[in-house]
Amino acid sequence: MSEIRVNTIKSEDGASPISFNKGVNVSGVATATSFVGDVTGNVTGNATGLTGTPDITINNITGVAATFTGVVTYEDVT
């Protein structure tokens, strides 16, 4: 097995994104400013600004106030 050690990887023009056409495997921490694609598994930490299609399921919400648009349905209110 070969090993390459580098400090920085840049595209040929120095400005374009790098293309990893065979994919990338990361062990440890990966940090990104944005993410596009499906997530498999659990998300932990601060997951703010959630949006999605078709739905996002949340088990418990704790808050002071709530605003709903559309139809709100319920079976029991106590």
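Here are a few questions and answers about the predicted model shown above. Local features need pLDDT of at least 70 and side-chain atom pairs pLDDT 80 or more, while totals for chains, interfaces and linings use all residues. Residues are numbered from 1 along each chain as its sequence is written, and side-chain values use heavy atoms, leaving out hydrogens and water.

Me: How many helices and strands does the protein have?
Reply: Helices are DSSP runs of H or I with at least four residues, and strands are runs of E with at least two. By that count, the number of helices is zero and the number of strands is zero.

Me: What is the radius of gyration of the protein?
Reply: The radius is taken over C-alpha atoms, and the globule rule is 2.2 Å times the number of residues to the power 0.38. A compact globule of 78 residues would come out near 12 Å, but the protein has 21 Å.

Me: What box do the C-alpha atoms fill?
Reply: The box is taken along the principal axes. Its dimensions are roughly 65 × 30 × 25 Å.

Me: What share of the 78 residues is buried?
Reply: Buried means under 20% relative accessible area, with a 1.4 Å probe and protein chains only. Of the 78 residues, the buried share is 1%.

Me: How do the residues lining the second largest pocket divide by class?
Reply: The lining consists of Ala-30, Thr-31, Ala-32, Thr-33, Ser-34 and Phe-35. Ala and Phe count as nonpolar, while residues outside the nonpolar and charged lists count as polar. The division is therefore three nonpolar, three polar and no charged residues.

Technical notes: Buried < 20%, exposed > 50% of the residue type's maximum accessible area, 1.4 Å probe, protein only. 1 Å grid on protein atoms, 1.4 Å probe; cavity = no way out; pocket = protein on both sides within 12 Å on 5 of 7 lines; lining within 4 Å.
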